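Me: I would like to learn how to read charged and aromatic side chains in a model. Could you walk me through it?

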Amino acid sequence: MSKSPDLTLDRYRTRLERYEQDLQEFEEEYNIDSHAFYQRFESGEMGDAMDCFEWAGLYKLREALVANIDRLETAD
């Protein structure tokens with residue numbers, strides 16, 4: 001049995017809200033937006049602190065989730 005697209009979208013949107021709250025906390029703590037951080041992280045400019053890896057992972061999860069939401073919304 002497959003999930004209804006609406007239920008899946010609702011779950012994705014709820015998860016997206018949590019990810020965005022967590023990303024905002026990092027952004028406020030380090031005074032840089034997540035996109036700029038991720039570019040700098042990928043180029044090796046941000047060091048190897050655990051916060052950086054957590055932030056980068058969270059950013060990648062958010063980007064994948066946004067892509068899934070977009071895909072489901074355009075599938076209607």
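Reply: Happily; we will go through salt bridges, then a charged patch, then aromatic rings. Keep in mind that this is a predicted model.

Me: Let's begin with charges. How many salt bridges does the structure hold?

Reply: The general idea is that side chains of opposite charge can pair when their charged atoms come close. Here the structure holds four salt bridges. One of them joins Arg-62 to Glu-20, with 3.0 Å between the closest N and O atoms. Arg-62 sits in helix H3 (residues 50–74) and Glu-20 in helix H1, so this pair ties together parts that are 42 residues apart in sequence.

Me: Which residues are linked with Arg-62 in a network of salt bridges?

Reply: The network consists of Glu-20, Arg-62 and Glu-63. Besides its bridge to Glu-20, Arg-62 meets the side chain of Glu-63 at 2.7 Å, N to O. Both acidic partners are partly exposed: Glu-20 has a relative accessibility of 34%, and Glu-63 has 35%.

Me: And what does Arg-40 form with Glu-45?

Reply: That is another salt bridge, with the closest N and O atoms 3.4 Å apart. Arg-40 is partly exposed at 35% relative accessibility, whereas Glu-45 is exposed at 52%.

Me: Now the surface. Which residues form the negative patch?

Reply: To read a patch, look for like charges that sit together on the surface and take part in no salt bridge. In this model, Asp-22, Glu-25, Glu-28, Glu-29 and Glu-54 form a negative one. Helix H1 (residues 5–30) supplies its largest share, four residues.

Me: Take Glu-25 as an example. Is it buried or exposed?

Reply: Glu-25, a residue of helix H1, is exposed because its relative accessible area is 52%, and the cut-off for that class is over 50%.

Me: Last, the rings. Why is the pair of Phe-41 and Phe-53 called edge-to-face?

Reply: Look at two things, the distance between ring centres and the angle between planes. The whole structure has six aromatic pairs. For Phe-41 and Phe-53 the centres are 5.3 Å apart and the planes stand at 90 degrees, so the pair is edge-to-face. This pair links distant parts of the chain, twelve residues apart, with Phe-41 in helix H2 (residues 34–42) and Phe-53 in helix H3. Phe-41 is buried, at 15% relative accessible area, while Phe-53 is partly exposed, at 46%.

Me: Which residues do the ring pairs link into a cluster?

Reply: Phe-26, Tyr-30, Phe-37, Phe-41, Phe-53 and Trp-55 are the members.

Definitions and conventions. Residues numbered from 1 in each chain as written. Predicted model: local features only at pLDDT ≥ 70, side-chain atom pairs only at ≥ 80, totals over all residues. Heavy atoms only, no water. Patch = residues over 30% accessible without salt bridge, like charges linked within 9 Å, V, L, I, M, F, W, Y side chains within 5 Å. Areas by Shrake-Rupley, 256 points an atom, 1.4 Å probe, with all protein chains shown as cover. Lys, Arg positive; Asp, Glu negative; His and termini not counted. Charge placed at Lys NZ, Arg CZ, Asp CG, Glu CD. Helix = DSSP H or I, 4+ residues; strand = E, 2+ residues; numbered from the N terminus. Buried < 20%, exposed > 50% of the residue type's maximum accessible area, 1.4 Å probe, protein only. Phe/Tyr/Trp six-rings, centres within 6.5 Å; stacked < 30°, edge-to-face > 60°.
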